[in-house]
Amino acid sequence: MSRKLNRWVVSACAVAAATSLSVVGTPGGAPRADALGTVTLTGYGADSCTAPSESQMSAFWNNTRFSYWGIYIGGSVRGCDQPNLTASWVTNVTNQGWDLLPIWVGPQSPCWSGSGNKFSLDPGTAYSQGKSEAIAAYQAWKPLSSESNVPIVYDIEGASNNTDACRAASKSFINGWTEQLHSAPAQPSGVYSSACGGALDDYFGIPNRPDFIDAADWDDNPDTGAIDCIAGDHWASRQRHKQYQGDHNETFNGVTLNIDSRCANGAVFGSADHVTPGHACAPNALAPQAKTAADRPLSWHGRQWRSGGPLGSQLQSSPLGTPTADSTFAANGWRATPVGTIPIRNANVPVTAPTIGQPSVLKDGSLLVPVTTHDAGRSTVRLYTSTDGATFTLRSTHPLSNSLAPGVAAPASAAGDTAVVVDPADLSTRTWSASRRTTMAASARTSGLPTAPQSISFTDASHGQALVQQTACAGKSKATCEPQTTVLKTADGGHTWH
């Protein structure tokens, strides 16, 4: 039986040392946005029996390796009270920058040796009980957040004598749990257990397979790709959490907590997909795959570039390399680069913070970085260029017709030696020429764009593409409301799209 369940029953869950906190530096996670939901994280985390206080969470956030925290939201076998776990706690810690992993601890296997509730040995009854637990978990989550798009893990401990009959009942139970979670409004389903003792790999073959696993494999190896008793091709597409060290004390910024150490390469509750620097959570998954320069994403002067996420005023660069299977780069190769006076992103980014858009490359090889600012009731796009990757020069300023929502960047892209900007408010275009050093005022409304594009790109000064996503949900349920994504083309520098 897991030491975690023992400590739920017989010991205190966290030890805190009183301290004054200094907020210095930035943590590894993504900054918050208005909209939270299921995102994908590759990075370190922890869980504790009782959710720590907000000040304790701050202490474990600042200048630490952690990006996410496992929280036990309920269930009949959850052994700890949760005085801190409230809606305001969820709001405040996610505003700090934390991602969260909700965990439900309900009835256990009929073969579990503990004294708590157990589900039925009969597969049919176990299936129905799994569905009931999914409903209860969702109902427990609702008071904590208005966002229903949240991954929830079922904690099913390893059984002391896991017979074939008990394994069949467990599979049927998790089959019901996952099927019910997938009902509208759907939540991604996870399952936690001992990788070997809990026969975790069994659940890969059930009709309603969990979307991800949360494996207890206390080998002190953070690599989510190295989990005993789990086939390498099972849950292999960023669908794994690994609890790689059991309960122990760690101290940061004067605060000591009793935690389990974790790594994520999968679903969490947060604001943006991200990979944190310096992790060892998925080195195999992030190994270089492509072989030729033609296979690489945007390259410029020997470096790769990517923009920050929502409200993420950050540009990151990496030594030129080969992309990975999921089109990212080894996380420890990225470094944050300030753009002019635009601040590096950190926790508690204000809603007025500038938003860095997708970088692109001008004809002369210099990097073009669009930055959308949100102030004085009106948004403005400022175009920066750089030739060395360290010094950025403001080249052009484009006031937009209205104020954009926080975290929204106006789409912009290099088109030869020209930059093209689309105003999301009125769909007009603005251009700036690197060779002529001139800025063109807003043109008439762009023809053919039904709404502001998510992104635009150009192969030359005239020909480009726009990715447009529309959602028509009026009068439809969540299950029938599907966004429509369209790729439009232009042959006149962005004025007309088809």
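Select T38 and F269. T38 has F269 as its bridge partner in strand β8. Keep in mind that this model is predicted.

Now widen the selection to residues 255-270, which make up β8. Add β1, residues 37-47. How many bridges pair β1 with β8, and in which sense? There are 11 bridges, and the sense is antiparallel.

Stay on β1 and move to T42. Its bridge partner in β9 is V275. Select residues 274-275 to show the whole of strand β9. β1 and β9 run parallel, joined by 2 bridges.

Next, pick Y44. Which residue is its bridge partner in β2? It is F66. Extend the selection to residues 66-74 to see strand β2. β1 pairs with β2 in the parallel sense, over 4 bridges.

Now look at the surroundings of β1. Is this strand largely enclosed or not? Buried here means under 20% relative accessible area. Of the 11 residues in β1, 9 are buried, so the rest of the structure largely encloses this strand. While you look along a strand, recall a general point: in a regular strand, side chains alternate between the two faces of the sheet.

Finally, zoom out and show everything. The protein has 498 residues, and 52% of them count as buried. Color by secondary structure: there are 25 strands and 5 helices. Take contacts with a separation of 6 or more: 65% of them join residues 24 or more positions apart. Last, turn on the surface. The protein exposes about 19,800 Å². Carbon and sulfur atoms supply 50% of that area.

Terms used
Residues numbered from 1 in each chain as written. Predicted model: local features only at pLDDT ≥ 70, side-chain atom pairs only at ≥ 80, totals over all residues. Heavy atoms only, no water. Buried < 20%, exposed > 50% of the residue type's maximum accessible area, 1.4 Å probe, protein only. Pairing = 2+ DSSP bridges. Contact = heavy atoms within 4.5 Å. Areas by Shrake-Rupley, 256 points an atom, 1.4 Å probe, with all protein chains shown as cover.
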